[in-house]
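Here are my notes for you, written as numbered points. Have the model open while you read, and click on each residue as it comes up.

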Amino acid sequence: MTLKDKQGRKHDYLRISVTDRCNLRCVYCMGDDGIEQTSHEAILSYEDILKVVTAGAELGISKIRITGGEPLVRKDLVQLIEMIAAVPGVTDLAMTTNGTLLSRYAEALKRAGLNRVNISLDTLQADKYQIITRCGKLEDAMKGIEYALQYGLEPVKLNTVLMKGINDDEVVDFLQLAREKPLHIRFIEYMQIGDHDRGYSSHYLPLSFVEKAAEKAGLPLTPVPLPGGAGPAESYSIPGGKGTIGLIHPISKHFCDSCNRLRLTAEGSLKACLYWQDEKPVHTVLHDKAALQDLIKEVLGGKPVEHQMAADGNCSTINPGTMRSMSKTGG
Ligand code: SAM
Ligand code: SF4
């Protein structure tokens with residue numbers, strides 16, 4: 001079975017936020033005082049998440065990504081991985097994490113059926129890591145990356161949000177890291193999303209910056225197929241690289257025409273687009289698989305053609321999008 005929206009885009013991918021809580025407070029993701037947290041009772045249970053996955057898998061969803069907030073702060077996450085991995089039709093089970101707790105869980109996650117991880121890492125400098133995350137330790141994230149490699153949660157991709165004046169001086173250091181280790185570094189354009197100003201217009205940089213920096217450093221980017229299958233990244237090799245470089249540019253060259261994602265928020269709302277406010281709660285139909293499947297199709301039917309982040313090409317947004325921060329929706 002294939003799920004398609006009005007534009008004919010095939011949808012086979014569900015991103016599930018399992019919590020809006022996090023052990024870090026990244027400057028581009030949350031305001032100074034973090035976010036207002038949803039109570040434990042209001043968060044969808046693992047049994048209910050499984051109902052959505054099962055209903056979606058029967059409709060053609062084969063790829064699942066667990067995200068948050070920080071997924072590894074939710075209790076017994078390994079159990080959820082085990083439950084989802086056993087759902088017929090789910091062929092790819094991945095997680096996006098800040099990696100700081102991964103050394104504790106990598107082995108159990110792999111054994112439970114997690115295929116691979118994306119780890120967020122925006123700097124290779126310990127003092128800067130502390131500033132960007134407001135409280136994290138670089139050594140914890142680096143240890144998480146090592147454990148992900150050691151236990152085969154591969155391909156191990158690193159998500160790096162490029163920010164002018166913050167980490168644009170480290171582009172070549174990240175390229176060197178992809179030379180030395182089998183890591184797939186994906187630079188992501190800074191998105192203006194959520195309910196507070198994070199100095200977006202002064203920190204946004206288009207990813208053409210990475211291509212120019214690579215060229216200048218004698219590490220030119222050559223297009224290659226994506227490691228681990230399709231996705232929004234353009235993938236490149238660099239001379240002598242064990243890993244690859246990915247460029248994800250939601251702003252300067254958006255990829256809405258090939259979007260294949262649906263999202264489930266931590267408190268149980270289905271969203272067809274990260275940007276727009278539209279969402280529908282699943283709670284009233286969880287007891288009835290057919291009704292749940294109708295709701296999935298209804299949400300997909302209302303999917304907008306594209307987002308409008310920085311729609312005037314000038315770093316300001318014309319139409320108001322969601323007031324949810326990335327950690328609230330599930331990035
Ligand atoms: N806590 C996990 C982590 O950091 O990987 C998962 C949740 S986090 C919200 C998912 C991804 O969203 C991260 O890779 C993060 O870098 C990205 N993200 C958050 N805010 C963003 C923004 N304003 N622009 C671009 N990416 C953002
Ligand atoms: Fe937490 Fe991830 Fe947001 Fe950083 S990007 S504050 S790690 S949810």
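1. Let's start with the second largest cavity in this predicted model. Select L24, C26 and Y28, then N98, then S120, L121 and D122, and finally Y129 and T133: these residues line that cavity. The space in there comes to about 40 Å³.

2. What is the lining of the second largest cavity made of? It divides into 5 nonpolar, 3 polar and 1 charged residue. The charged one is D122, because Asp counts as charged. Y28 and Y129 go in the nonpolar group, because Tyr is counted there.

3. How many cavities of 30 Å³ or more does the structure hold? There are 2, and the largest has a volume of about 50 Å³. If you wonder how such spaces turn up at all, rolling a probe the size of a water molecule over the atoms shows where empty space is left.

4. Now go to the largest cavity. Its lining takes in K157, then H184, I185 and R186, then L226 and P227, as well as A233, S235, T244, I245 and G246. Which strands should you look at here? β8 (183-189) and β11 (244-248) each supply at least two residues of this lining.

5. Sort the lining of the largest cavity by type and you get 5 nonpolar, 4 polar and 2 charged residues. The charged pair is K157 and R186, because Lys and Arg count as charged. G246 may look like an odd one to place, but it goes with the polar residues because Gly is counted among them.

6. Next, a bit of backbone. Most residues other than glycine have a negative phi, and most peptide bonds are trans. With that in mind, check the bond from E154 to P155: it is cis, with omega near 0°. You'll find P155 in the loop between α5 (138-150) and β7 (156-162).

7. Where is D76, and what is its phi? D76 sits in the loop between β4 (63-67) and α2 (77-85), and its phi is positive, about 60°, although it is not a glycine. Is D76 buried, partly exposed or exposed? Its relative accessible area is 39%, so it is partly exposed.

8. R134 is another residue to check: it is not a glycine, yet its phi is positive at about 65°. Look for R134 in the loop between α4 (126-133) and α5. With a relative accessible area of 27%, R134 is partly exposed too.

Methods: Residues numbered from 1 in each chain as written. Chains lettered and ligands numbered in written order. Predicted model: local features only at pLDDT ≥ 70, side-chain atom pairs only at ≥ 80, totals over all residues. Heavy atoms only, no water. 1 Å grid on protein atoms, 1.4 Å probe; cavity = no way out; pocket = protein on both sides within 12 Å on 5 of 7 lines; lining within 4 Å. Points joined across faces, edges and corners; volume = space filled by probe spheres on them. Helix = DSSP H or I, 4+ residues; strand = E, 2+ residues; numbered from the N terminus. Buried < 20%, exposed > 50% of the residue type's maximum accessible area, 1.4 Å probe, protein only.
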